[in-house]
Number of protein chains: 2
Amino acid sequence: MTRWRPDPSGRLVSAALELFEEHGYEDASVVGIAERAGLTKSTFFRHFPDKREVLFRDVPLTRALSEGLAAAPPEASPLAAVAHALNAIGRNYFTLDHRRFSRRRRAVIAESSELREREALKRADLTATMMEGLRLRGTPEAHALVAARIGALVWEIALDRWIDAEHDQEFGLLALEVLAEVRAVVDAH
Amino acid sequence: MTRWRPDPSGRLVSAALELFEEHGYEDASVVGIAERAGLTKSTFFRHFPDKREVLFRDVPLTRALSEGLAAAPPEASPLAAVAHALNAIGRNYFTLDHRRFSRRRRAVIAESSELREREALKRADLTATMMEGLRLRGTPEAHALVAARIGALVWEIALDRWIDAEHDQEFGLLALEVLAEVRAVVDAH
């Protein structure tokens, strides 16, 4: 389906997603994924350490998150900097094409506890990246931790809504919506 | 060391923690854990589905969380209800004895990516429990989701501080402290 993609790792991701959808994550093998992508098992392992990892190539996203935080105005509050970074990521990564992929990926992950565990760990990594980016902005330690954790929840809820939206919506705007809900909940008496 | 404990599952947990500390999680076997506890492999599997699960017996905690949310005053805001539940859990479960165990358990988990993944998944379960408890209190869906996620981050940060505290501190008070930091971060401009 997407074998025209020139990059081997992109082809492996597409092939893996197809096989996971067709046979389930458990029953798909690395050899089968490589074959479907027209590549060899050793090529697979040059790109991914294991079968699970093929759905978690988040390196560019992690870097984009760091860069987005660094690029926010110096006077921005920690959460305003997070919102700035999420907006930048939305524009660059959460495109229409990525949305279709994200929907399929999410459905496959939901079916496998192994994949759900890996996803949970990856989300913890994103939180750590956000915390480090806030520290570099001079946010005090305790506030960087709390802001990164709030940023992570905003990210995750906004991502779900972005995937589920009936019409195309900008991820950055959805993130701002969730942030407003966080404010409403925190300020409720 | 703790073989005097009458309940088989408690003995298995203690034995597993000792073996994980001595040899690392990877190199400990279910048979070895059962032997150390003076029990059989089949007894192990009557209590836990796999080796990982032995450090994640959170059923009473999950139930306590639901009960704590239900017992909060009806007029309490979602986050006030969460604080109420965390305080109740702190009094009943996060005792001095549990603190020593928690510290050892956390150190073992930090050393194994398999255990860290399982922990991340369990934390997601606690969030789901909190969300359900808030829904039952009549909190609207979107706010229940956000409040449960904030409750989870308060829980996790407070738990780390409780484990690390130089002197005994009440978990519920630490949770209130973290909640105040959340407010400060969210309201910062």
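Which residues are linked with Arg52(A) in a network of salt bridges? I would like to begin there, and I should say at once that what we are looking at is a predicted model. The network links Arg52(A) with Asp50(A), Glu53(A), Glu114(A), Arg118(A) and Lys122(A), and with Glu117(B) from the other chain. In general terms, side chains of opposite charge can pair when their charged atoms come close.

Let me stay with the link between the chains for a moment. Arg52(A) forms a salt bridge with Glu117(B), and the closest N and O atoms of that pair are 3.0 Å apart. There is also a salt bridge between the side chains of Arg52(B) and Glu117(A), again with a distance of 3.0 Å from N to O. This second pair crosses between chains, running from Arg52(B), which sits in the loop between α3 and α4 of chain B, to Glu117(A) in helix α7 of chain A. Arg52(B) counts as buried because its relative accessibility is 12%, and Glu117(A) is buried as well, with a relative accessible area of 2%.

Now to the interface as a whole, where 30 residues of chain A are in contact with 30 residues of chain B. The area buried between the two chains is about 2800 Å², and carbon and sulfur atoms give 67% of it. Glu117(A), which we have just met, supplies 23% of the area that chain A buries against chain B when taken together with Val185(A) and Val186(A), and that is more than any other three residues supply.

As for the charged and polar pairs, there are six salt bridges between chain A and chain B, and eight residue pairs are in polar contact, with both residues at pLDDT 80 or more. On the side of chain A that touches chain B, the elements giving two or more residues are α7, α8 and α9 of chain A, and α8(A) gives the most, with 12 residues. One of the pairs involving this helix is the salt bridge between Arg149(B) and Glu156(A), whose closest N and O atoms are 2.9 Å apart. Arg149(B) lies in helix α8 of chain B and Glu156(A) in helix α8 of chain A, so this pair joins two chains.

How are the two chains related to each other? A rotation of 180 degrees, with 0.0 Å of shift along its axis, superposes chain A on chain B with an RMSD of 0.0 Å, and that is the relation of a two-fold axis. Of the interface residues of chain A, 100% are also interface residues in chain B, so the copies meet through the same surface.

Let me turn, finally, to contacts inside a single chain. Arg36(A) forms a salt bridge with Glu18(A), the closest N and O atoms being 2.9 Å apart. Because Arg36(A) lies in helix α2 and Glu18(A) in helix α1 of chain A, the pair ties together parts that are 18 residues apart in sequence.

Arg99(A), for its part, is found in helix α6 of chain A and counts as buried, at 6% relative accessibility. Its side chain makes a polar contact with the side chain of Asp168(A) at 2.6 Å, and the residues that Arg99(A) touches also include Trp162(A), Ile163(A) and His167(A). In chain B, Arg99(B) is one of the buried residues of α6(B), alongside Ser102(B), Arg105(B), Val108(B) and Ile109(B), and these buried residues pack against α1, α7 and α8 of chain B.

Technical notes:
Residues numbered from 1 in each chain as written. Chains lettered and ligands numbered in written order. Predicted model: local features only at pLDDT ≥ 70, side-chain atom pairs only at ≥ 80, totals over all residues. Heavy atoms only, no water. Buried < 20%, exposed > 50% of the residue type's maximum accessible area, 1.4 Å probe, protein only. Helix = DSSP H or I, 4+ residues; strand = E, 2+ residues; numbered from the N terminus. Contact = heavy atoms within 4.5 Å. Least-squares fit on C-alpha atoms with pLDDT ≥ 70 in both. Buried area = accessible area lost by both parts, 1.4 Å probe. Salt bridge = Lys/Arg side-chain N within 4 Å of Asp/Glu carboxyl O. Polar contact = N/O pair within 3.5 Å; in protein donor to acceptor, adjacent residues only side chain to side chain. Lists of a residue's contacts leave out its neighbours within four places in sequence.
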